[in-house]
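Subject: Handover of a structure and notes on it

Dear colleague,

Please find below the structure that I am passing on to you. My notes follow it, beginning with a question and then moving from the whole chain to its parts.

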Amino acid sequence: MKNNIHNVKNNKRIWIKSIGVFLILFPISVFLHETGHWVIYELNGVDSWISLQKANPINPDKVTDTIFLNSLFGGPMITILIALISYLLLRKYRNSIWLLVLGIINAAFRVIPTIFGVFRATRTDMLGFSDEGNIALRLTDSVFLRLATMLLYITFCIILIILIYRTFKYPDNFKSRILLIITLCLLTVLISMAYPFLDNLIFDL
């Protein structure tokens with residue numbers, strides 16, 4: 001009886017800590033993603049500022065196609081780098097909820113925008129849905145290569161999520177491993193989809 005009560009309390013503690021850590025790390029992860037765009041602009045002499053969802057050049061006329069393309073790479077590269085570092089550190093600190101959540105957020109939150117970008121990849125103009133979609137549109141005129149590039153990226157993110165899940169050392173009595181990972185992924189997706197609306201609401205006033 002005492003063991004059951006202890007297990008329930010332990011499981012509840014893991015859930016509460018995981019969600020609490022998620023609420024702290026998600027906005028930080030998005031900010032770092034946008035910082036990746038911002039840094040490229042600044043390094044190329046284009047002053048810019050960061051909102052919730054965008055790096056905004058102050059003088060758009062100074063943004064060349066090359067600068068814009070390089071900036072597009074900046075955000076996803078920072079995000080995937082954070083996910084990879086989290087995974088590698090998690091291999092050493094295998095019971096760190098902070099590394100678990102940070103890795104899941106950064107491996108998951110670009111998946112949905114990239115999926116939407118796949119549907120735009122068949123277009124021949126330069127209007128993509130996401131960073132990844134815009135990158136694919138600008139790198140090649142081949143629809144096949146566009147689709148292949150984004151599908152490989154999505155596959156890589158999913159594999160990384162699985163690796164993070166398998167690396168984290170859950171307590172033996174924690175029975176909701178899959179449910180916790182799915183919850184973190186769903187929260188990441190849902191909140192990331194809400195960010196553009198919040199961004200427009202706050203910064204377009």
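Which backbone nitrogen lies 3.1 Å from a polar atom of the side chain of Ser 96? It is the backbone nitrogen of Leu 99. Please bear in mind throughout that this is a predicted model.

**The chain as a whole**

The chain contains seven helices and two strands. Read from the N terminus, its elements follow the order α-β-β-α-α-α-α-α-α. The C-alpha trace extends over about 70 × 40 × 30 Å along its principal axes. There are 205 residues in the chain, and 42% of them count as buried. The exposed area of the chain comes to about 11600 Å², with 68% of it supplied by carbon and sulfur atoms. If one takes the contacts between residues at least 6 apart in sequence, 65% of them join residues at least 24 apart.

**The loop between H2 and H3**

Ser 96, with which I began, belongs to the loop between H2 and helix H3, the latter covering residues 97-108. Its relative accessible area is 18%, and the cut-off for buried is under 20%, so Ser 96 counts as buried. Apart from neighbours within four places in sequence, Ser 96 is in contact with Leu 90 and Phe 168.

Arg 91 is placed in the loop between H2 and H3 as well. Is Arg 91 buried or exposed? With a relative accessibility of 52%, Arg 91 counts as exposed, whereas Ser 96 is buried. Arg 91 and Arg 166 are separated by 75 residues in sequence, while their C-alpha atoms are 9.9 Å apart in space.

**The second largest pocket**

The volume of the second largest pocket is about 200 Å³. Two or more lining residues come from each of helix H2 (65-90), helix H5 (131-139) and helix H6 (143-167). Which of the elements gives the largest share of the lining? That element is H2, with four residues. The lining is made up of Phe 73, Pro 76, Met 77, Ile 80, Thr 114, Glu 132, Ile 135, Ala 136, Thr 149, Met 150 and Tyr 153. Sorted by class, these comprise eight nonpolar, two polar and one charged residues.

Helix H5 deserves a separate remark. Seven of its nine residues are buried, and H5 is therefore largely enclosed by the rest of the structure. The buried residues are Asp 131, Glu 132, Gly 133, Asn 134, Ile 135, Ala 136 and Leu 137. Among them, Glu 132, Ile 135 and Ala 136 also appear in the lining of the second largest pocket.

**Helix H1**

Asn 11 is part of helix H1, which covers residues 2-43. Asn 11 has a relative accessible area of 17% and is buried. Which residues is Asn 11 in contact with, leaving aside its neighbours within four places in sequence? They are Asn 173, Phe 174 and Lys 175.

**Helix H7**

Two residues of helix H7 may be read side by side. Leu 184 lies in this helix, which covers residues 177-203, and Met 193 is found in H7 too. Leu 184 has a relative accessibility of 1% and counts as buried. Met 193, by contrast, is partly exposed, its relative accessible area being 41%.

Once residues up to four places away in sequence are set aside, Leu 184 touches Ser 18, Phe 22, Val 101 and Ile 104. Leu 184 is also 7.3 Å from Ile 105, C-alpha to C-alpha, although the two are 79 residues apart in sequence. For Met 193, the residue to look at is Ile 112: they are 81 residues apart along the chain, and their C-alpha atoms are separated by 8.3 Å.

With kind regards

Definitions and conventions
Residues are numbered from 1 along each chain as its sequence is written. This is a predicted model: local features need pLDDT of at least 70, side-chain atom pairs count only at pLDDT 80 or more; totals for chains, interfaces and linings use all residues. Side-chain values use heavy atoms; hydrogens and water are left out. On a 1 Å grid over the protein atoms alone, a cavity is a set of points where a 1.4 Å probe fits but cannot get out, and a pocket is an open set with protein on both sides within 12 Å along at least five of seven lines; lining residues have an atom within 4 Å of a point. Grid points are joined across faces, edges and corners, and a volume is the space filled by probe spheres set on the points. Ala, Val, Leu, Ile, Met, Phe, Trp, Tyr, Cys and Pro count as nonpolar, Asp, Glu, Lys and Arg as charged, and the others, Gly among them, as polar. Buried means under 20% relative accessible area, exposed over 50%, partly exposed in between (1.4 Å probe, protein chains only). A polar contact is a pair of N or O atoms within 3.5 Å; within protein, one must be able to donate a hydrogen and the other to accept it, and residues adjacent in sequence count only if both atoms are side-chain atoms. Contact means heavy atoms within 4.5 Å. Accessible areas come from the Shrake-Rupley method with a 1.4 Å probe; for residues, only the protein chains shown count as cover.
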